Amino acid sequence: MARLTPAQYDALERAVLVGQRIAIQRRGTEYVVVPARLRTGGRSDVIEAVHPTTGERMEFVIDELDDIQVVR
């Protein structure tokens, strides 16, 4: 499970603001998506994202992820 440091949260928030792609690893699958919103609060934080090729909207619960990387 991904445990994000404050620096990683800052990078994720910047990626949301500027529309920068992120790579997410979950259960052995990598997704490269554009984060649209970071929903915090409640039981867990959620990344709302859009697939850049298909336009499909996706949601990722941060506690369920293996890794998150901002694509530079």
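Me: In this predicted model, which side chains meet Arg-39 and Glu-59 in a salt bridge, and at what N to O separation?

Reply: A salt bridge is read from a side-chain nitrogen of Lys or Arg within 4 Å of a carboxyl oxygen of Asp or Glu. Here the side chains of Arg-39 and Glu-59 meet each other, N to O, at 3.4 Å. This pair links distant parts of the chain, since Arg-39 belongs to strand β2 and Glu-59 to strand β4 (residues 57-61), 20 residues apart.

Me: What other salt bridge does Arg-39 form?

Reply: Arg-39 also forms a salt bridge with Glu-48, where the closest N and O atoms are 2.3 Å apart.

Me: With which residue does Arg-37 form a salt bridge?

Reply: The partner of Arg-37 is Glu-48, with the closest N and O atoms 3.4 Å apart. Arg-37 lies in strand β2 (residues 29-39) and Glu-48 in strand β3 (residues 46-50), eleven residues apart, and this pair too links distant parts of the chain. The count of salt bridges comes to three. Arg-37, Arg-39, Glu-48 and Glu-59 are linked in a network of these contacts.

Me: Is Glu-48 buried or exposed?

Reply: The cut-off for a buried residue is under 20% relative accessible area. Glu-48 has 17%, so it is buried. Arg-39, at 29%, is partly exposed. Arg-37 counts as partly exposed at 43% relative accessibility, and Glu-59 counts as partly exposed at 48%.

Me: In what order do the strands form the sheet?

Reply: The order of a sheet is read by following the pairing from strand to strand. In this model five strands form an open sheet in the order β4-β3-β2-β1-β5, with antiparallel pairing. Strands β4 and β5 stand at the edges, each with a single partner strand, so one side of each is left without a neighbour in the sheet. On average, neighbouring strands of this sheet are turned by 40 degrees against each other, direction ignored.

Me: How many bridges join β3 to β4, and how many join β1 to β5?

Reply: Five bridges join β3 to β4, and the two strands run antiparallel. Within that pairing, Val-50 has Arg-57 in β4 as its bridge partner. Strand β1 (residues 22-26) is joined to β5 by four bridges, and these strands also run antiparallel. There, Ile-24 has Ile-68 in β5 as its bridge partner.

Me: Which residues of strand β5 make up the covered face, and which the uncovered one?

Reply: The two faces of a strand are read from the residues on each. In β5 (residues 67-70), Ile-68 and Val-70 form the covered face, whereas Asp-67 and Gln-69 form the uncovered one.

Me: Which strands does helix α1 touch as it packs on the sheet?

Reply: Helix α1 (residues 6-18) touches β1, β2, β3 and β5. Its direction makes about 80 degrees with that of β2.

Me: What is the phi of Arg-27?

Reply: Most residues other than glycine have a negative phi. Arg-27 has a phi near 50 degrees, a positive value in a residue other than glycine.

Me: Where is Arg-27 placed, and is Arg-27 buried or exposed?

Reply: Arg-27 lies in the loop between β1 and β2. The cut-off for an exposed residue is over 50% relative accessible area. Arg-27 has 66%, and it is therefore exposed.

Conventions
Residues are numbered from 1 along each chain as its sequence is written. This is a predicted model: local features need pLDDT of at least 70, side-chain atom pairs count only at pLDDT 80 or more; totals for chains, interfaces and linings use all residues. Side-chain values use heavy atoms; hydrogens and water are left out. Buried means under 20% relative accessible area, exposed over 50%, partly exposed in between (1.4 Å probe, protein chains only). Two strands pair if DSSP finds at least two bridges between them. Axes are lines fitted to C-alpha atoms, for helices over the stretch in contact, and angles run from 0 to 180 degrees between N-to-C directions. Contact means heavy atoms within 4.5 Å.
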